Amino acid sequence: MILIADSGSTKTEWRVIDGDGNVSQIRTSGINPYYQEENAIAGILEAELDDHLGLPVEKVFFYGAGCSTQESRDKVANCFATLMPGAECEVSTDMLAAARSLCGHQPGIACILGTGSNSCLYDGVSIVENVPSLGYILGDEGSGSYLGNRLLGHFIRKELPTAILAKMDKRFELSRPVILENVYQKPAPARYMAGFSKFIFQNISDPFLYKMVYDGFMLFFEKNIMKYTDYKKEQVHFTGSVAFYYTNILRKVAADLGINVKHIVEGPIAGLTLYHQKQLNK
C-alpha cells in the first residue's frame, strides 16, 4: 500500500493506493515541521490518520510546507518510522509536489498560491532554480496570508471603502487589539490572515479589493516568476486555493505581462497521485 501526502499549514490531503490500484482519500490537520515539533506531528498522525489505514503501508511519499531543510524532513520521517515501522519514507518539499503534479515529466515553472506562496523552475525531473520563499513576514506576495495582511492593515487604518468596512464590522467584529493579538501573540498568524481571503473573494467586485488582489499578483510575478531564466519561454502553472479561486485576475496579470499561464488547479494531490501511479507502473 502506498501513502501520498500533500501537506500545508492548514490541512493535509492524503491518497492511499492499495495493491489493486484503488485510490482512497483522507484529510487531516495541516503538518508543518518548521513550526511543529515531532510530538505535535505524531499526535496528528495517530489521532487523525492511523485509524483510517487498514493494510500495512509499504511506501510513504510526504510532500509538505516547511520541509526544505534536512532537520525538518527528519522530523516527519521519524514520526512515520515510529508509526509505520518498515515503511520506506520519502519526505520532500511542497514545491516538488507542485512541480511533479503540474508539470509531470515536462519542463515548466510551477507556482504555489495558497496560504503562502512559492515557485520553481523545473526541468522535467528536478527543481533547477528556486527563488527563495521568505514566508509571511518578509514575502509570500500574492498569497492568502499576504492578501489578508493587506486587508487588515487597510481596515485598521480605515482605508477601505465605507461599504467594505461596514461588511467587515458586521461579519467579524474586528478591532485593532483583536487583530494584533491574533497576528503577534497567537499561533498560526499566517493561517489567521489567510482566512480573510474568502471575504475578499466574495467582495471582489469592489474596485478597491480587485486592485489590491491584482497588485498582489503583480508583485508575485515580479518577485518570483520574472526572475527565472527565459521565463517567457516557459509554461507557467499554479496550484493553491488562492490561484484557483482568483483564476481570472491571475490570468489577467499574466496576460498583461506577456506570460503564458497554462494549468491552474486547486491542489496538487490529484496530479501527484497520477505521477506516482505512472512511476509504479514503469
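**View 1. Surroundings of phenylalanine 217 in the predicted model.** Beyond its neighbours within four places in sequence, phenylalanine 217 is in contact with Leu113, Gly142, Val242, Tyr246, Ile249, Leu250 and Val253. Phe217 is also one of the residues with the most contacts inside the largest nonpolar core, a group that further includes Leu151, Phe221, Ile225 and Phe238. That core has 46 residues. Helix α10, residues 207-223, supplies the largest share of them, eight residues. Apart from this core lies another of 23 residues, including Ala5, Val16, Phe80 and Val91.

**View 2. Valine 16 in strand β2.** Strand β2 spans residues 11-17 and contains valine 16. The relative accessibility of valine 16 is 6%, so the residue counts as buried, the limit being under 20%. Residues up to four places away in sequence not counted, valine 16 touches Met1, Ile2, Leu3, Asn22, Val23, Ser24, Ile26 and Leu53. Isoleucine 4 is twelve residues from valine 16 in sequence, with a C-alpha to C-alpha distance of 6.4 Å. Val16 belongs to the core of 23 residues.

**View 3. Threonine 12 in strand β2.** Threonine 12 is buried, because its relative accessible area is 0%. Its side chain reaches the backbone nitrogen of isoleucine 31 at 3.5 Å. With neighbours within four places in sequence left aside, the contacts of threonine 12 are Ala5, Asp6, Ser7, Ile26, Arg27, Thr28, Ser29, Gly30 and Ile31. Ala5 in this list is a member of the core of 23 residues, and Ile26 is also touched by valine 16.

Terms used: Residues are numbered from 1 along each chain as its sequence is written. This is a predicted model: local features need pLDDT of at least 70, side-chain atom pairs count only at pLDDT 80 or more; totals for chains, interfaces and linings use all residues. Side-chain values use heavy atoms; hydrogens and water are left out. Helices (H or I, at least four residues) and strands (E, at least two) are DSSP runs, numbered from the N terminus. Buried means under 20% relative accessible area, exposed over 50%, partly exposed in between (1.4 Å probe, protein chains only). Contact means heavy atoms within 4.5 Å. A nonpolar core is a set of buried Ala, Val, Leu, Ile, Met, Phe, Trp, Tyr and Cys residues joined through side-chain atoms within 4.5 Å. A polar contact is a pair of N or O atoms within 3.5 Å; within protein, one must be able to donate a hydrogen and the other to accept it, and residues adjacent in sequence count only if both atoms are side-chain atoms.
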